[in-house]
Amino acid sequence: MYKINRSVAISEDLKRDLVVMDGAVVDVQTDYHGDIHAIEQSRLILRGDLYGTVNVSGNSVVEYYATIHNGLMTFGDSGTQYARPMSASAHVIGCSNETHAKNIAIHRQLESGELNPPLYPSCKTE
């Protein structure tokens, strides 16, 4: 898992889970494999298919142009979230109860700071 706290474009499939935070805007420009958590007023743009789950809270926004293949979950305990399909072909395929429970637990740990993954390489300051 990588933590992203600056606005970046991702043009390759890293095959890692991501957490987008601190108001960052992340533009995923390709098909992507991994779960993505958007917290703390961040914005996620998905231009290709996502083979994973999107988890959104804290006044964050996800805009998707293709298919999310394993569920889109919004958590209402920390503010309003928005999920916007941006094309006629954009849709979400659901996930299992086990995946849902796992993602809730991970998302809450990320929000509380209990889980603190390393920074995405382009977010590191030199």
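Is E40 buried, exposed or partly exposed? Keep that in mind as you work through these exercises on a predicted model.

**Exercise 1. Classify E40 and its neighbour Q41, and check their backbone angles.**

Step 1. Place the residues: E40 is found in the loop between β6 and β7, and Q41 sits in the loop between β6 and β7 as well.

Step 2. Compare each accessibility with the cut-offs, where buried is under 20% and exposed is over 50%. E40 has 34% relative accessibility, so it counts as partly exposed. Q41 has a relative accessible area of 55%, so it is exposed.

Step 3. Look at phi. Most residues other than glycine have a negative phi. E40 is not a glycine, yet its phi is positive, about 55°. Q41 is not a glycine either, and its phi is positive at about 60°.

**Exercise 2. Test the length of helix α1 and find out which residues it buries.**

Step 1. Start with the span. Helix α1 covers residues 97-112, which is 16 residues. At 1.5 Å a residue they should span 22 Å, and the end C-alpha atoms are 23 Å apart, so expectation and model agree.

Step 2. List the buried residues of α1: T99, N103, I106, H107 and L110. They cover an arc of only 105° around the axis, which puts them on the same side of α1.

Step 3. Recall the helix geometry behind such a pattern. An α-helix has 3.6 residues a turn, so residues three or four places apart point the same way.

Step 4. Turn to the other side of α1, where N97, E98 and S112 are exposed.

Step 5. Ask what lies over the buried residues. The cover includes β3 (18-20), β6 (36-38), β9 (54-56) and β12 (72-74).

Step 6. Finish at the end of the helix: G113 follows α1 and has a positive phi, near 90°.

**Exercise 3. Map the nonpolar cores and trace the contacts of I4 and M21.**

Step 1. Begin with the general expectation. In soluble globular proteins, nonpolar side chains tend to be buried together.

Step 2. Find the largest nonpolar core, which has 23 residues. Those with the most contacts inside it are I4, I10, V26, I36, L44, L46 and V54. The elements giving two or more residues to this core are β1 (2-4), β2 (8-10), β3, β4 (25-28), β6, β7 (43-46), β9 and β10 (61-64).

Step 3. Follow I4. Setting aside neighbours within four places in sequence, I4 is in contact with I10, L18, V19, V20, M21, A24, V26, Y120 and C123.

Step 4. Look for another core. A second, separate core of five residues includes M21, I39, I106 and L110.

Step 5. Take M21 from that second core. M21 is in the loop between β3 and β4, and at 13% relative accessibility it counts as buried. Not counting residues up to four places away in sequence, M21 touches K3, I4, N5, I39, E40 and S42. Our opening residue, E40, is therefore one of the contacts of M21, with "contact" meaning heavy atoms within 4.5 Å.

**Exercise 4. How many aromatic pairs are there, and what is their geometry?**

Step 1. Search the whole structure: there is one aromatic pair.

Step 2. Describe its geometry. Y2 and Y120 lie 5.6 Å apart, centre to centre, with 80° between the planes. Planes over 60 degrees apart count as edge-to-face, so this pair is edge-to-face.

Step 3. Place the partners along the chain. Y2 is in strand β1 and Y120 in the segment after α1, 118 residues apart, so the pair links distant parts of the chain.

Step 4. Check burial. Y2 counts as buried at 16% relative accessibility, and Y120 counts as buried at 11%.

Step 5. Look for a charge over a ring: R16 lies over the face of Y2, 4.0 Å from the ring centre.

**Exercise 5. Describe the surroundings of A83 and S7.**

Step 1. A83 lies in strand β13 (residues 82-85), and its 34% relative accessibility makes it partly exposed.

Step 2. Leaving out residues up to four places away in sequence, A83 touches V62, Y64 and L72.

Step 3. S7 lies in the loop between β1 and β2. With residues up to four places away in sequence left out, S7 touches A24 and V25.

Step 4. Relate S7 to K124: they are 117 residues apart along the chain, and their C-alpha atoms are separated by 12 Å.

Conventions
Residues numbered from 1 in each chain as written. Predicted model: local features only at pLDDT ≥ 70, side-chain atom pairs only at ≥ 80, totals over all residues. Heavy atoms only, no water. Helix = DSSP H or I, 4+ residues; strand = E, 2+ residues; numbered from the N terminus. Expected span 1.5 Å × (residues − 1). Buried < 20%, exposed > 50% of the residue type's maximum accessible area, 1.4 Å probe, protein only. Arc of directions from axis to C-beta. Core = buried A, V, L, I, M, F, W, Y, C linked by side-chain atoms within 4.5 Å. Phe/Tyr/Trp six-rings, centres within 6.5 Å; stacked < 30°, edge-to-face > 60°. Lys NZ or Arg CZ within 6 Å of the ring centre and 35° of its normal.
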